[in-house]
Structures are given as C-alpha cells and as structure tokens.
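Colleague: I have the sequence and the model open side by side. Could we go through a few questions about the strands and helices?

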Amino acid sequence: MQKKLIKKIPVNARLVGLGNQFRRDVPSDFWHFSAYFNKEDGTSHNDNFDLEAMCLMGLGRTFTQDEHLFTSGGYRKALKLPPVAQWQEARLSSFQRLSKKLSGTKEVANQRCFLFQSDGLKVWLPKLELARKLFFHAGFLVRAAYQPNALDLMFNVKSWEFDTTYLIETLDANGAPVEFIRQPVYRSFLSWLLLNKDIRQSFNSIWQCLNQEQFIANSYCRWAFNFIPPAGLSGLDMDVHGVFNEEKNELLVWEINSIKALPNIVLGEAIFSHPKLKSHVRTPGSKDGGFGGKGGENLLIDTELEPSTDTTKILLDLLSEGLQISHPIQTKVKYAGERSSGYGKPNQDDDDSSTTQQVVGTKDDVDGGQGKAADFDALQESDNDTERFKDRFRVFIDLIKQLANEPDLELISLVVKPLPEVKRCHLHLMADGTERCYLLAKFVVGKRVRYVLEIDTSDNKRKLSTRIFSLLDPTIEADFIKRLFVLLLRSSIRWPGFLFLNEAVNVIGLKHHMSDQFIDRWAEKLKASIRY
C-alpha cells in the first residue's frame, strides 16, 4: 500500500479554517495562504502553504495521510441552488455556530461567503470552496487563476465559421502538463472551461478581484478570496458536507462533494494538441515514463518544492467526487509525432517491493529544480459517462435491457466508461484518438452475480470476444476490474487468461454476431451464458 504524506500537515489533523492569501511585496514571490488544523490530541496547528495546495483544502477534511490522503467530515446535505442573482454577500463570522476560536481569528472570520436560502435552509457557502470545486482540480489551474490572461497564454483555441470543431492547442512552455491532456476527463473539463463564455469569465474574475481588492500591509500583499460565480449555477443540485445548526435551520458548507448537470452550451468536438503528446510505437528494450511513484514507494508531498523539468510528472489521485457536466463536448487528441513504448526490458517503476519514501514537488517545474515533479489529480470520471458513451454499444445495450426483462435475470448495474490510461500503452485510445470504452453489466441470477464485459474494438485493432464470468470472491470486484484493464491493455487488448483462471469461475467467451441475421441467435447464447 502506497502512502501519501503531506509535508507540514500532521497525521490525522483536521482542517477547520482557511485564512487570507498573501505574498511578499516583491515581483519574485507568488501567493500563499494560511491554514488552521485541529490535531488528533486536541491541540491546534497552523501553517502557511503555497497556492498549489489549495486543491486539497476542503474544510472538515481529516488528513489520514494514507493511500487516500484524507476523509471528509461534517453533516451531509443535498441542496438546490437558487438563482445566482439572489445570492447575497456575507462574512464567515456571521454564522453563529462558528467556534469561538475561529471567530476570534480575524482573517478566518473575515472570509467571504455567499448567503442564500435553499428550500427554507439558510446556507453560508464560502466563496473559496465554490471556486475550488469548480476550478482548482490541479496545481497548474490554481496558478493560472492568479495570473492575468493565463488561459490565453496556456491555450490557443481555434474555430471556423460553419464548423463545430474546435482545435485547442496547448503550449509547451506555459500550457497544461501533457499528463492532463492525455486524460479524457481533463480534456472534457478544459473544453467546458475554455469554450463556455460564462464559465471562462468566472474563472478570470478570480484575478480581476485579486487585482482590485488586494492591499499592502507590513511589506506583504494580502487578500480575502473573492470571485464572481457563473450564472449557470442557478437551479443546480449540489451535495455538501458542513456544520448544521438544527435550531435555526442554518448550514455552513465545509466541502462541496459534487455539483450536478453543470451547463454546457457548446456543441461539436474539441481536438487537443500538445508538443509532447506523442503516439506510442512499440520498440524492443525502450522505456517510458508514467504515473505514480514506484509501486510500494511512499510519497512525501512538498508543496513548496520546485521540481526538475527533467522528470515525468506524478499525478496524485485525490479520489474526490467530480463535476458532472451536462452534455459534455466530445474530445480527442492530435498527436505531435511518435515515441517509443518498449517491451523486453523491465522498467524499475514496476518494482512493487520498494518501501522507501520519495519526495515530490507540486510547484511549477523549473530548469535546475530538485526532485520529482507532481500535481494533484482531483477530477474523476463522472456518473454521466454511460449516457455520454452509450452510442458506442447501442445494439448491445438494447440486448442487455431485453435480457433484464427475463424473470430470473435481475440487472443491477450497467456502466459504459473509457478504459483507463496505462503507462507505456496507447490502446486506451481508438485509432482516431477518441476514448476506447468498455461496457460492464452486472446481473443477479438466483444467489449468484454474473458479469458481462465488452470492450469496444470497432477500430479493428483486435477482435475480442465478450466475456461472461463470476468472481470467486465478490468483495474484490473493484480491484479485479482495475487489474483486468491494466493487464488487457498491456497485452495489446487480449483477455488475461491467468487472471480469470485464478480469480473467476464459470468463465465464458462469446464471439460477436451483431448483424441482424444472427442477432437473435447471439442473444440466446448470451442469455444462456449469464444463466450458466
């Protein structure tokens, strides 16, 4: 188990407050912020952090410093947001159940909030938390928000009259790290941010507010976070953790877990390019970089360390609930050439026996920097992927739903998602650069659980049968599926036979007969295989 440790945060400390943003009044210094924790022994711990750590700072989180970094805390509540025009301004100190200690800490009590009514509930929503959930999903995005015209410097967006295709060029020196451009969920997010005027203006308002409102005291620039929310948030559903005052029916939001159906008014397709985005070509004996540290190596995350540009960036998965964008624009990548992706020689990064600690830095990498580069990866594939990609398996989904009408077959889940990216592999993408998807259906037959797994091979990279199976140990389902996809991609889209042999039972492979001539016969075979 790989542990992630954050320098300057004690193990099991709980984040209870955030203070002002500040920097020295010199051009070379960038912004920092203060954070307030309660330690496990009941004592307080305060410290300052560089801006990139904002990705982590959901109030109420307990930093367990294990493989998941933190757990959320507080009263959980679902909210419906009223029209943004009805939101009022407030300070955190106006929430009466704020602790005396935090109320007495001026820069915490002075933090800005939105104040509104949601079905009779009075809600304080810290502005920083809303911006963090909307925009701060990686360190490079936080840095961009605090600089003028940063999106224009990072991305060059091209469009053509009477064409719904957008070309989004990411610049090598100042643009997004290529590790994020490879991920469909970040391409979807960046398309939403760059192409929707309302969303882009909201992001840019962070720097505009900072520029207008910062003040200088004792040779330091200081600022209480502020921004203008997008009007498209009106009427959306939000799931939060916070502090609930039952007597007064009031809620202070600590952390936003999810925002559903964020509006997207842009249609068409976005094609991303990046100078470092290379198509993989298999060559004997070569090696490639990847994600994460060495398998068993613990990571010490230093938010003040400037890493070297010569290292592959490690993405630190925060496992947080993502944004759900309504009808997200389709994306794909345009390669800038080829890179070798080797076989025949082991890569040291695959050694899971290491138990040492690797220091990684989350600041912008620089020439002459020290240590490994890292960035926070706070976006997860959203629950609307099945709706988004369902056309990839339209006929197969219709078959699955027909089988669900059988009295002895209970369909309990059906998901369609992109395959994960695996280092030194490129087959998670189709030949045209779009995501290669999988369909996983889960049936209950009597007291048994049966899985139906289908991989999209419509680009003819490989013919692959549908796999129907049960697990010897149903509790390992998530881990089994994760390992299965890694092995499948590393073996050039072949089923990992030994994995099914050791951990599955009643395994059946069905060849495809999806033409109208054979569809009924294939459906009968699929039905019999699920019942087997």
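Colleague: How many bridges join strand E28 to E29, and in which sense do the two run?

Modeller: Keep in mind that this is a predicted model. Strand E28 covers residues 466-471, and Thr466 stands opposite Leu510 in E29. The two strands run antiparallel, and the bridges that join them number five.

Colleague: Which are the edge strands of the open sheet with the order E25-E26-E27-E28-E29?

Modeller: This sheet has five strands with antiparallel pairing. Its neighbouring strands are turned by 15° against each other on average, direction ignored. An edge strand pairs on one side only, and the strands that do so are E25 (410-418) and E29 (504-510).

Colleague: At about what angle does H13 run to E27?

Modeller: Both H10 and H13 can be placed against this sheet. H10 lies across E25, E26, E27 and E28, running at about 5° to E26. H13 lies across E26, E27, E28 and E29, and its angle to E27 is about 140°.

Colleague: Why is H10 oblique to H13?

Modeller: H10 (residues 394-403) and H13 (residues 519-531) pack with their axes 11 Å apart, at an angle of about 55°. Angles from 35 to 65 degrees are neither roughly parallel nor roughly perpendicular, so H10 is oblique to H13.

Colleague: How many charged residues are in the contact of H10 with H13?

Modeller: The contact includes Phe396 and Leu399 of H10, and Trp522 and Lys527 of H13. Its residues divide into ten nonpolar and no polar, and the charged ones number one.

Methods. Residues are numbered from 1 along each chain as its sequence is written. This is a predicted model: local features need pLDDT of at least 70, side-chain atom pairs count only at pLDDT 80 or more; totals for chains, interfaces and linings use all residues. Side-chain values use heavy atoms; hydrogens and water are left out. Axes are lines fitted to C-alpha atoms, for helices over the stretch in contact, and angles run from 0 to 180 degrees between N-to-C directions. Helices (H or I, at least four residues) and strands (E, at least two) are DSSP runs, numbered from the N terminus. Angles under 35 degrees count as roughly parallel, over 145 as roughly antiparallel, 65 to 115 as roughly perpendicular and the rest as oblique. Contact means heavy atoms within 4.5 Å. Ala, Val, Leu, Ile, Met, Phe, Trp, Tyr, Cys and Pro count as nonpolar, Asp, Glu, Lys and Arg as charged, and the others, Gly among them, as polar. Two strands pair if DSSP finds at least two bridges between them.
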